[in-house]
Amino acid sequence: MSWIMTREPYDTPDAALLRRDYYDEVASRWYGRPATDEEIRRGLTDDGAERLRPPLGDFVVGRRAGVAGACGGVLLCETAPVIDGTAPATAELTRVFVRPELRGTGGGAALLTALETAARRLGARRVALDTRHDLIEARTLYAKNGYREVEPYDAGREFAERWFAKEL
């Protein structure tokens, strides 16, 4: 059974539920206990998701057997250097998430491929992302798919502990 990745607005019912599940998991792991509705709501409030649409960004939802199970966003970095005067060189991946029960089914790799395609479509030549030490599955996925650890490109972000990048 394969995954189907599609571009989709960040606020469709499936995308919104996946974003909520993403925040639930990362907050619960951070706090070492189930996240409260308020903590999840706080994560979703003013999180910049509205920027995840062309021409500066995009959002992808992955489905397996017709069921939404993965999502991720890509956003051109405002501070990234410009190449040949045309487009920012770097796009950032964000909210990369595969539901726990679907991990190990190829969804993560398919999602990264779709996000990299979206980044190229936006004109980026490099993708970057940040993550945390405790998100071991995510770090493994990135390394397995050609991402390398890099120096912090935005060290002021709360919760960012590790940075990865890949040339497209």
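Is Thr 117 buried, partly exposed or exposed? Keep that one in mind; we'll get to it at the last stop. One thing before you click around: what you have open is a predicted model.

**Stop 1: the whole chain**

Start with everything shown as a cartoon. You should be able to pick out four helices and nine strands. Walking from the N terminus, their order is β-α-α-β-β-β-β-β-α-β-α-β-β. The C-alpha trace spans about 45 × 35 × 30 Å along its principal axes. For 168 residues, a compact globule would have a radius of gyration near 15 Å, and this chain agrees, with 15 Å.

Switch on the surface if you like. About 8,700 Å² is accessible, and carbon and sulfur atoms account for 53% of that. Of the 168 residues, 47% are buried. Now colour by charge: there are 25 positive and 27 negative side chains, and the centres of the two sets sit 4 Å apart.

**Stop 2: strand β2**

Next, select residues 57-64, which make up strand β2. Seven of these eight residues are buried, so the strand is mostly covered. Show its partners too. On one hand there is β1 (3-7), which runs antiparallel to β2 and is joined to it by five bridges. To see one of those bridges, pick Ile 4 and find its partner in β2, Arg 63.

On the other hand there is β3, residues 67-76, also antiparallel to β2, with eight bridges between the two. Try Val 60 here: its bridge partner in β3 is Gly 72.

While side chains are on display, remember a general point: in a regular strand they alternate between the two faces of the sheet.

**Stop 3: the turn and the chain start**

Zoom in where β2 hands over to β3. The two strands form a hairpin with two residues between them, and Ala 65 in the turn has a positive phi of about 55°.

Now add Met 1, in the segment before β1. Its C-alpha is 6.9 Å from that of Ala 65, although the two are 64 residues apart along the chain. Leaving out neighbours within four places in sequence, Met 1 is in contact with Arg 64 and Ala 65. Even so, Met 1 counts as exposed, at 69% relative accessibility.

**Stop 4: back to Thr 117**

Finally, select helix α3, residues 107-121, and find Thr 117 in it. With a relative accessible area of 36%, Thr 117 is partly exposed. Add Val 74 and draw a C-alpha to C-alpha distance: it comes to 9.8 Å, for two residues 43 apart in sequence.

Definitions and conventions:
Residues numbered from 1 in each chain as written. Predicted model: local features only at pLDDT ≥ 70, side-chain atom pairs only at ≥ 80, totals over all residues. Heavy atoms only, no water. Rg over C-alpha atoms; globule rule 2.2 N^0.38 Å. Buried < 20%, exposed > 50% of the residue type's maximum accessible area, 1.4 Å probe, protein only. Areas by Shrake-Rupley, 256 points an atom, 1.4 Å probe, with all protein chains shown as cover. Lys, Arg positive; Asp, Glu negative; His and termini not counted. Charge placed at Lys NZ, Arg CZ, Asp CG, Glu CD. Contact = heavy atoms within 4.5 Å. Pairing = 2+ DSSP bridges.
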